Amino acid sequence: MTSKLLKSVRQYKSASLITIFAVAVEVIMETIVPFLMYGIIDDGIYGGDTQRLITLGIYMLACVVVALIAGAAAGWFSADASCGFAANLRKDLHYSVQKFSFADIDRFSTAGLVTRLTTDVTNVQNAYMMTIRMAVRAPLTLIFSLIMAFVASWKLALIFLVAVPVLWCGLYLIIRFSHPIFEQVFHIYDALNGVVQENVSGIRVVKSFVREEDEKRKFGKVSDSLYKKFSKAEGLVAFNQPLMRLVIYVCLVIVFWLGARLIVLSGNTELTTGKLTTLISYAMGILTSLMQLSMVLVMITIARSSGERIVEVPDVRPSLASPEDGATAIKDGSIDFEGVDFGYFGSEGAKALSGINLHIPSGATVGIIGGTGSGKTSLVNLIPRLYDATSGSVKVGGRDVREYDLTSLRDGVAVVLQKNELFSGTIAENLRWGNLNATDEQLVEACRLAQADEFVSSFPDKYETHIEQGGTNVSGGQKQRLCIARALLKSPSVLILDDSTSAVDTRTDALIRKAFREYLPDTTKIIIAQRISSVEDADMIVVMDGGKIDGVGTHDQLLKANRIYREVYESQQKGGDEDESKQ
Amino acid sequence: MKASNKKARYSAKTVKRLMNYIVLHNKGIFFISFISILISTVADVAGSIFTQLIVDDYIAPLLTEANPVFTGLLKMIAAMASIYLIGVLCTLVYSKLMVLVSQRSLKSIRDDMFNKMQSLPIRYFDSNPRGDIMSHYTNDTDTLRQFISQALPQVFASAITIVASFCIMLYYSRILSVVVVVVTVIILIVTAKISGGSTRNFIRQQTALATVDGYIEEMFNGQKVVKVFCHERQAEQGFDALNEKLFDHSRRANRYANILMPILNQIGNIQYVLLALIGGALAVGGVGGITAGVVVAFLTLSKSFSMPFQQISQQVSMISMAFAGAERIFALIDEPPETDDGYVTLVNAREDEEGKLVECSERTGIYAWKHPHGDGTLTYTRLAGDIRMVDVDFGYTPEKIVLKGVSVYAEPGQKVAFVGATGAGKTTITNLINRFYDIADGKIRYDGININKIKKADLRRSLGMVLQDTYLFTGTVMENIRYGRTDATDEECIAAAKLANADDFIRRLPDGYNTMLTGAGAGLSQGQRQLIAIARAAVANPPAMILDEATSLIDTRTEKLVQQGMDKLMAGRTTFVIAHRLSTIRNSDVIMVLDHGRIVERGNHESLIAKKGMYYSLYTGAFELE
């Protein structure tokens, strides 16, 4: 996982290395300061050597100034390195998502992807920054301080050889035992948030069934177990501070006792008062660095789950790739399904389509009717290769779709999806998704065909009207018509409308179909609809049921020969059928 | 959306209230832990006095003796060790206790918040975005946790350390103390400067992050459209520009934040050197009674003195974030709850020999409204489902009236349908019947009783609901059906599922009725969720029903199944139907056509068709319902 993530460091490698180097310089300079200190005390104060006092003082100041510059540089470059790393990660993630096939898109929720690009990347960014600063600083401080302590007085420094492992073991045990409990805490946290979320979203259900008290109990239970587990975990972590102090104090007491004796017995030669002060400084440095190290470890473990979630995304191998040197020209709009089977989970999973054989001549208008889950959408999604058939072959213009360059194929086969989306921006900008270079006249022309020009022109800003995110400021019917116009701008050989006029009134719906018939005679038009009226004048109608073709024919033929078609027709005849689409 | 994005605003009252939460719930514990913090901090600072004493009073004189005796030193060291031991014990005590304090306070805040939330009127949920409500439980509570368990003890300890070490420093040497104070002032100025720049840029970073957030959310939502239009490159270019901006701001913010600590550290070191130099010079010159021991002690003391300033400065932004979070949490807790002045209750009843209703405790299938009157008498009215609205006016805000002069009469067992465009007021009417909202003017009577007099819980229990947003909960299918009535047996739940035409598909689920549903029933189709919601309402078996049909996403054949379920559910009950497909309401007793909050047409299907008015044009599809 780590190596995969680190690939995104790229151009910020040098900033990262500079950081590490600068931190090292800072640490070395910092450890020299206490070492010079004993000279000041012994020679300067006790010895009364003012000259030496000033010289050493200047050395120390020089060290501090270098440490200051190095430290600031480390901070500066680590910001560049970690933020740059994060930016690259986001870019790479975004790039991977753009490579997603439809099947991949189905696997990840939008919210999940957004979390990965934001929160998870931020966690990794912080961990990276910690690593190149603290994770370098702490062990270096430890090592240098130890060395210097040994140089100052190896006898007393032996204490650290005992203290360091003891403290380290203690800190390790705390992490070791608290970490699994924290994992549980996070799970309970999720459960708690789950209960809240359900209650916020489903509050009408809760209130109308008068279940407030039960929900309070449910929450109380989760909140209680969160309290218990969290207290347990934090209770373990609470040993950190006292343990740290205990070890420091024990070291101090021993250093003072042995140190004082050594000074006195050796007559201020083997150990001096100055050296004793220096040793005390190092003791603090060594033990704090251990503490920092354990903090870094905790940070990294927290970031690990974020890292794991991030690498999940690039791990998605696009399940659908454009062939090299694929065909770019589509001969005509004829479509053939030859023994096509299809399942969303590959050949093992449940089949969404099975045994499909169908020929659609170029320029025909085809209606598709069928219940939910009957395979209508799956069928048309195979034409622009939004998914690949599990077996069999789908052909456009007499050629297997897998032989086409993907962009050319999708430009030639326009789909207006069931889940229509407009993006924030002007109407014209949205329409130009279909053709970046479309002239204003072409926009108007496409909107006329889609029966959208009339309402667009009625807006004060006309084609420059701003569409809100999700297209919330136009009605469902208007949105559908704009989406159709957008698809028309591709001048496709095949146009697929997947239930795209459900919110459009029947009269306008008829006008759209009439316009298609008159102005797009060469385009193959495939219309999935709930309303019989939307398909009854089609050249051929395909009735889908349970992933199979149940019948093919014209309206009159099917009315005579197909039971499902007749049922749908009758249910709509006697009831009238106008639905109110609230998108 | 993000807590840090919001302005950190809070009042002194909030701080006081938060402290109450922390202190009041744990008075004893809190007191003990603060005493412990006090002792442990003083013990820590006291260590430096021992340093001075050992150096000046023991090491220096002993050096001059030929046969040094160490008993005095040993006693001194033992005293030092015992004070340190007390310090360690106190640290242990307060570390453990503060965990309890913080976790307990958080638990009571969480519980109070949720319990309060359950009592809030629907209006609160309609007017606050879900994400905002959620973030009280996540972001806001999280910052509080950090505040209570880390910042609070640290700030207290820091304050004590500053005072204690400053006192000792003054005692030892005024001149050296001045040096320390001057350096500290410099530290404070530098901190203010740098963290100011950091805060400014962090705010910019949050804005940039929110922009990226919005962009990818929109794009990923429409990712299929992006693919269909081969728009990947443009999407990337758009993203790269925003990403670059975010990078720039976050880099600046982090640069400031990152250089602060090393700079403060080294200023601390400069102070260390200055003290050694000045102290050394003074000691050599014998000025102001400064000894080597004093210099050594000062070196440690100065670190104890300036360290807390750094620590507090690191905590400041977190503390203000925590207070801002507390402010938002208290705002939720202070929301006025749904009021309920109802005193008419729903009770089980049976008929005695004379056919009079008598209250009883067992389930009889007969319910009665128990109506206490001012003169102390009680009357029982049989629950029948007769609902009347007379001249009702209503607006979600006083300025904007949504319903005007609406009158609806539904006799027991009747089916009343509402038809009209989005925003015409259909759902609003049903919101009034179960008192999710209260009417501004007019009357609503249930079995002849003013619904304001009925206890809300009982009113709602007498009204079944199948909502457009068929919300299912995490749990098994069986549990979801039982949601309608807690004491329903498995058999009753299955019977309800059969009635709702749901039994068939439930049995085909991997674990049948024990299949776990998660994510609001994500694994089921819209139609299947609807069927479970119908079963849920059926198990409650109320005399009156409100059906907000959401069938626009269900195809006509599945809808038939749903419709049959609904029809069976409606049989014999007073039902209000909000129709999305006119085919489903042809057989209604009354159809109300709503337009802009008024009933513009009413009658049955045949009479409305004959009228050739608005219903007719809706029915024939000449009208776009939008």
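Start by selecting A:Arg217 in this predicted model. With a relative accessibility of 55%, A:Arg217 counts as exposed, because the cut-off for that class is over 50%. Now add A:Asp214 to the selection: the two form a salt bridge, with their closest N and O atoms 3.1 Å apart. Both residues sit in helix α8 of chain A, three residues apart, which is about one turn of the helix.

**Along α8 of chain A**

Stay in that helix, which covers residues 212-237, and go to A:Leu236. What does A:Leu236 touch, once residues up to four places away in sequence are left out? Show A:Ile174, A:Phe177, A:Ser178 and A:Ile181 and you have the set. Draw a distance between the C-alpha atoms of A:Leu236 and A:Phe177 and you should get 7.7 Å, for a pair 59 residues apart along the chain. A:Leu236 itself is partly exposed, at 23% relative accessibility.

**A bridge across chain A**

Next, pick A:Arg116 and A:Glu312. Their salt bridge has its closest N and O atoms 2.7 Å apart. A:Arg116 belongs to helix α5 (residues 110-152) of chain A and A:Glu312 to helix α10 (residues 273-312) of chain A, so this pair ties together parts that are 196 residues apart in sequence. Is each partner buried or partly exposed? A:Arg116 is buried, at 9% relative accessibility, whereas A:Glu312 is partly exposed, at 37%. If you want to hunt for others, the count of salt bridges over all chains comes to 47.

**Where A meets B**

Colour by chain and turn to the interface. Here 157 residues of chain A are in contact with 146 residues of chain B. The size of an interface is often given as the accessible area lost when the parts come together. For chains A and B the buried area is about 14100 Å², with carbon and sulfur atoms giving 65% of it.

For polar features, there are 29 residue pairs in polar contact across the interface of chain A and chain B. Seven salt bridges also cross the interface of these two chains. Highlight helix α3 (residues 50-99) of chain A: it supplies 26 residues, the largest share of the side of chain A that touches chain B.

Zoom in on A:Asp80 and B:Arg251, whose side chains meet in a salt bridge at 3.9 Å, N to O. We'll come back to this pair shortly.

Another stop that involves both chains is B:Glu232. Find it in helix α8 (residues 232-285) of chain B. Beyond residues up to four places away in sequence, B:Glu232 touches A:Gln98, B:Val226 and B:Lys227. B:Glu232 is buried, with a relative accessible area of 17%.

**Two strands and a network**

Move on to B:Glu359 and B:Lys370, a salt bridge at 3.3 Å, N to O. B:Glu359 lies in strand β2 (residues 357-359) of chain B and B:Lys370 in strand β3 (residues 367-372) of chain B, so the pair ties together parts that are 11 residues apart in sequence. Both are partly exposed: B:Glu359 has a relative accessible area of 32%, and B:Lys370 has 23%.

Now, as promised, back to A:Asp80 and B:Arg251. Which residues do salt bridges with shared partners join into one network? Select A:Asp80, B:Asp248, B:Arg251, B:Arg252 and B:Arg255 together to see it.

**A nonpolar patch on chain B**

Switch to a surface view and select B:Phe31, B:Ile32, B:Ile35, B:Leu38, B:Ile39, B:Val42, B:Ile86 and B:Val93. Together they form a nonpolar surface patch with about 650 Å² of accessible area. Helices α2 (27-64) and α3 (71-118) of chain B are the elements giving two or more residues. Which of the elements gives the most to the nonpolar patch? It is α2(B), with six residues. One member to click on is B:Val42, in helix α2 of chain B; at 40% relative accessibility, B:Val42 is partly exposed.

**Two backbone oddities**

Most residues other than glycine have a negative phi. Finish with a pair of exceptions in chain B. B:Arg435 has phi near 60°, and you'll find B:Arg435 in the loop between α10 (426-433) and β8 (441-446) of chain B. B:Arg435 is buried, at 6% relative accessibility. Then step along to B:Asp447, where phi is positive at about 50°. B:Asp447 sits in the loop between β8 and β9 (449-450) of chain B, and B:Asp447 is buried too, with a relative accessible area of 12%.

Terms used: Residues numbered from 1 in each chain as written. Chains lettered and ligands numbered in written order. Predicted model: local features only at pLDDT ≥ 70, side-chain atom pairs only at ≥ 80, totals over all residues. Heavy atoms only, no water. Helix = DSSP H or I, 4+ residues; strand = E, 2+ residues; numbered from the N terminus. Buried < 20%, exposed > 50% of the residue type's maximum accessible area, 1.4 Å probe, protein only. Contact = heavy atoms within 4.5 Å. Patch = residues over 30% accessible without salt bridge, like charges linked within 9 Å, V, L, I, M, F, W, Y side chains within 5 Å. Areas by Shrake-Rupley, 256 points an atom, 1.4 Å probe, with all protein chains shown as cover. Salt bridge = Lys/Arg side-chain N within 4 Å of Asp/Glu carboxyl O. Buried area = accessible area lost by both parts, 1.4 Å probe. Polar contact = N/O pair within 3.5 Å; in protein donor to acceptor, adjacent residues only side chain to side chain.
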